[in-house]
Each structure stands twice: as structure tokens, then as C-alpha cells.
Amino acid sequence: MAAAGLLWLLAAALGPGWAVPRYRPDWASLDTRPLPAWFDQAKVGVFVHWGVFSVPAWGSEWFWWHWRGEHRPDYERFVQRRYPPDTTYADFAPHFTAHDFQPREWAQLFQRAGASNIRYGLYHSLLEWFNPLYLADKESDFKTQNFVLKKTMPELYDLVLKYKPDLIWSDGDWEAPESYWNSTSFLAWLYNDSPVKDTVVVNDRWCNNCSCHHGGYYNCADKYKPGTLLTHKWEMCSSIDKLSWGYRSNMNIAELMDEASIIEELVQTVSFGGNYLLNVGPTKEGVIVPIFQERLLALGRWLDTNGEAIYESKPWRVQMENSTDTVWYTSKGPAVYAIFLIWPRDNVLKLSSPTPSPATQVTMLGFAGTLKWQKSPGKGLLVTLPYMLPSPLPPQPGWTIKLEGVK
């Protein structure tokens, strides 16, 4: 499976801890654990898929499975044309050199992508496609647990004790039930006795029927978009390369998310109460290629101005304006934020959802002073936006109006 890592970017320090009961190794108990507050406050994270698949750097991070598991003709032709006969996946490993890996530069890049503090998480795949122990357990219809007892669970405990991650992003769960993976026993230890018991966050990929039902926050599926406000904390993971999570040397610009698409996904996700996890795939040498850096830095620049409407925000009573996808709402205390993705031609933003009062004050993040507004003839209010000089450059992908004194 793909090896990967992730970093959650946090704009505020962790709040004080709290006393918790001991959790039993069953979902009825584990699902009652409150999610540590830092995760919901963070909102924005960076996912990193980096491993031996970065050596062929072709197709996707599932290269090994598509080539040796499914025997896809395109993958077999790729290996035949570029590598010696009898090449195995293990032969790629010596070329995974990480010669240019600069972890401090990565950390600085991720900070510039959106936050002043970084929390560290680990990706872990429960299954391994070609591990002989796993294949034997699978052959027994998962009646035996040699792979779990000798490899997966010792590895997970070791990862927590050695690296003390703030987040565990579990994957590779879909082929077997919890009774095989021993997931609930591990999570009970994690929540009760581990060195990160008060701060660690986990997702929902712990057994073949767990996604969107059990665990910490919900992933549900890659690039998950519920399209509505959920009662349970959730996350959307997305990738700048729309075709792969790992690095591909043959990617082209049309296959990459642009800045506007990234901002739109972020805003929609946060408005519906989710967190946004954006992926990059480094090269085998450990380089995050410039186009990925540019996209991350563009996200950071947007958050420098508009982050007040994102970090530590909460969903408002209305998530989007008149069921359109161009104006989205968040809130923080008494303040309401309207994030609009298209600048109106007449410089007047029509908002029908907020109810103004005589005390209403309207400002725009990144602009000094207050904005003029008036009651709309129907309901809501009309906001006169600052005059924007014509420019040959593309407009920025989204602006934020801050509304105080509205309901």
C-alpha cells in the first residue's frame, strides 16, 4: 500500500485537556469520545503521499497493485519499455533516494500554505497487498490473524510509542471486519493509555463497514462531498493532481487543480462543517515540484487575507446563499462571514439570508473601513463593494464579507 504522511495546520494553540472515562474496546463506547478541539479549529491540512511508487512515478500510487495485482496491460507495457526483464517492485526501492529531502523546507512551505503552527499525523494502511501473512489470512476467510498479530498491530503500537502522532489516518480496511483487524482494542488503548490519549485524532477507516459510521472524524470516501451540513465532524481529502495521490512525471497542467478550484473546495467544505486535506506527491528525491508549491502558496496567500472566516469557524444556520454555489457562509461567535467566489458586475453583493438590524456593520477582509449597505427590497441586504480597478490579471478566487449585528 502507499506510504504517506500528513500535516494538520493549526492557527491556534491547543486548549486545556479534560478528564475522560476509560473506553471499552467496542464502538458503542469508542464512538462517545469527544474529538479533541484542535482538529475542528485547524480546518486546513496537507497530505503527503511519498514512497517507492514515486520511483516509476507513473499512473498512480497504486502502481504495484495495477501492475502485479491486476496485470493491467498499460502498466505491464510501461515496465517492459523502461526497465530490464524480470524487474520486481522491490527493484525500485534503491532508487527511492530522498537525496534532496529538506524537512525544514517542507515545514516552512506548509506553514506558508496556511498556518503558523503544525500538527503531525501519520498515514497507516492496515492491509498489504502481497504480504504472505496477509494472503494466508485472506485465504482462510480471515479466520486466522497472523498478519494482524505479527505485523499490523505491533507496527501501529510502535508508531504511536515512537513518534507520538497527533493524528492517525487509517486506510486499507475494506477487505476485512473489525474482528480481524482488532481495531477496537487498539483504539481503546490509544484513547485510554497511549502517550497521546488526550490529543490524538483518528479517522473512520478501521474495518470493512466502519467508514461514515465509526471512529473519530469521518472520511467516508476519497474526495467526499456530502453536499449538506453533517452532525458528525468530517473531512474532505483532495489532491492537486486530480489523477493521482503520488507523484507522476507525466502529469500535465490540465490534470491539476487550479487555485480557484482549491479555494472553492475549501470554502464549501468548511461551510458544511468539514476539514480540508490537500495532497501533494513529492518526487523520489524528496522534492515537492514547483507547480505543487505554487498551488500551496496560493492557498496560503488567500488564507492570509480570508483565514478569519475559516480557522476556528463554525457553520452558520445557512451554508450557502439561495442554494447557489457562489456565496458560502461561516460564523465565529456573533460574526457571520459571507464568502463570495464571483465578483458581481454591478459591485453590489445581494445577500438574502442574513437579517440586518440598525446595529449591522459590514466590512470586507483585507480592506480598511466599513462598507455601505441597505436593506434589500425583499429580504436580506445589499452590500456596496469597493471599486476594483480593471486589471489584465485574473481576479483573486474569492472574497469575504464580515457581517456583525445580523441574524
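This report walks through the disulfides, a free cysteine and an internal cavity of the structure above. Please keep in mind that the model is predicted.

**Disulfides**

Let us start with the cysteines. Two disulfides are present in the structure. When the bonded cysteines of the protein chain are numbered in sequence order, they pair as 1-2, 3-4. C237 stays out of this pairing, as it is in no disulfide, and the nearest cysteine sulfur, belonging to C220, is 10 Å away. That distance rules out a bond for C237, because a disulfide needs two cysteine sulfur atoms within 2.5 Å.

The table sets out the two links.

| Disulfide | S to S distance | Angle about the S-S bond | Handedness |
|---|---|---|---|
| C207 to C210 | 2.0 Å | 90 degrees | right-handed |
| C212 to C220 | 1.7 Å | 85 degrees | right-handed |

How do these cysteines sit with respect to the surface? Take the link of C207 and C210 to begin with. C207 has a relative accessible area of 1%, so this cysteine is buried. Its partner C210 counts as buried too, with a relative accessibility of 0%.

The link of C212 and C220 can be read in the same way, one end at a time. C212 has a relative accessible area of 28% and is therefore partly exposed. C220, in turn, has a relative accessibility of 16%, so C220 counts as buried; the cut-off that matters here is 20% relative accessible area, since buried means a value under it.

And the cysteine without a partner, C237: is this residue buried or exposed? C237 is buried, with a relative accessible area of 1%.

**A cavity inside the protein**

Now for the empty space. The structure contains two cavities of 30 Å³ or more. The one described here is the second largest cavity, whose volume is about 30 Å³.

Which residues line the second largest cavity? They are L122, H124, L156, L159, V160, P165 and I168. By character, this lining divides into six nonpolar residues, one polar residue and no charged ones.

Two elements, β3 (117–125) and α7 (146–163), each supply at least two residues of that lining. Of the elements involved, α7 gives the most, with three residues.

If you have the 3D view open, C207 and C210 are a handy place to begin, as a disulfide joins them. From there you could turn to C212 and C220, the other bonded pair, and then to the lining of the second largest cavity, where L122 and H124 are among the residues to pick out.

How values were computed:
Residues numbered from 1 in each chain as written. Predicted model: local features only at pLDDT ≥ 70, side-chain atom pairs only at ≥ 80, totals over all residues. Heavy atoms only, no water. Buried < 20%, exposed > 50% of the residue type's maximum accessible area, 1.4 Å probe, protein only. 1 Å grid on protein atoms, 1.4 Å probe; cavity = no way out; pocket = protein on both sides within 12 Å on 5 of 7 lines; lining within 4 Å. Points joined across faces, edges and corners; volume = space filled by probe spheres on them. Helix = DSSP H or I, 4+ residues; strand = E, 2+ residues; numbered from the N terminus. Nonpolar A, V, L, I, M, F, W, Y, C, P; charged D, E, K, R; others polar.
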